[in-house]
Amino acid sequence: MKGLTNNLHAKVSLLLGLIGLLGLLTLNFYLASVYVNADGKTQALFGIIELENEIYKYIIGIGVTIAIVMDIIAYFKKESGNWIMAAMVTCLITFICIFLSIWKAMI
C-alpha cells in the first residue's frame, strides 16, 4: 500500500498546477479570439469583457493556492524532491500568469 501513496501530495499538487495552467491558457485564448472578432467600439471597451472573466482567474488562484499548500505538506512529509520541485515551479508559473494578461500577446 505504501507504493500507491508514494509522493501523493506532490503529484496532486503538480496535477492541480497543470490544470490551473491549462485553464489560464484556455481563458487567455478565449479572450484573444473575442478581441480579434470584436468591432472597434467593443475593442475600445474590452476591459469590461476582461473584467467579467476575472472570476475564473480567482477560481484558478484558489486551486493553485491549495496546490502550494499540498506541496508544502509534501515537503514536510519528506516526499521526493524532484516531484516537489516540479510541482512548486508549475504552481509558481501558474500563479504569476494569473496576474499577467497573456491574451494580449496572442493577438
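Where does Asn-7 lie with respect to helix 1 (8-37)? Select Asn-7 in this predicted model, and you will find that the residue sits in the segment before that helix. With a relative accessibility of 10%, Asn-7 counts as buried, because anything under 20% is placed in that class.

Keep Asn-7 selected and add Glu-79, Ser-80 and Trp-83, the residues that Asn-7 contacts once its neighbours within four places in sequence are set aside. Within this group, look at Ser-80, whose backbone nitrogen lies 2.8 Å from a polar atom of the Asn-7 side chain.

Next, go to helix 4, which covers residues 54-76, and pick out Tyr-58 within that helix. Tyr-58 has a relative accessible area of 54% and is therefore exposed, since the cut-off for that word is over 50%. Now add Ile-55, Tyr-56 and Ile-59 to the selection, and you will have, with Tyr-58, a nonpolar patch on the surface whose accessible area is about 450 Å² together.

For the last stop, select Cys-91 and Cys-97. Cys-91 is buried, at 0% relative accessibility, and Cys-97 is buried as well, at 13%. Why is there no bond between the sulfur of Cys-91 and the closest cysteine sulfur? That closest sulfur belongs to Cys-97 and is 12 Å away, which is too far for a bond, because a disulfide needs the two sulfur atoms to be within 2.5 Å. Starting from Cys-97 leads back to Cys-91, whose sulfur is the closest cysteine sulfur to that of Cys-97. By this rule, the count of disulfides comes to 0.

Key: Residues are numbered from 1 along each chain as its sequence is written. This is a predicted model: local features need pLDDT of at least 70, side-chain atom pairs count only at pLDDT 80 or more; totals for chains, interfaces and linings use all residues. Side-chain values use heavy atoms; hydrogens and water are left out. Patches are made of residues with over 30% relative accessible area and no salt bridge: like charges are joined within 9 Å, nonpolar side chains (Val, Leu, Ile, Met, Phe, Trp, Tyr) within 5 Å. Accessible areas come from the Shrake-Rupley method with a 1.4 Å probe; for residues, only the protein chains shown count as cover. A salt bridge is a side-chain nitrogen of Lys or Arg within 4 Å of a carboxyl oxygen of Asp or Glu. Helices (H or I, at least four residues) and strands (E, at least two) are DSSP runs, numbered from the N terminus. Buried means under 20% relative accessible area, exposed over 50%, partly exposed in between (1.4 Å probe, protein chains only). A polar contact is a pair of N or O atoms within 3.5 Å; within protein, one must be able to donate a hydrogen and the other to accept it, and residues adjacent in sequence count only if both atoms are side-chain atoms. Contact means heavy atoms within 4.5 Å.
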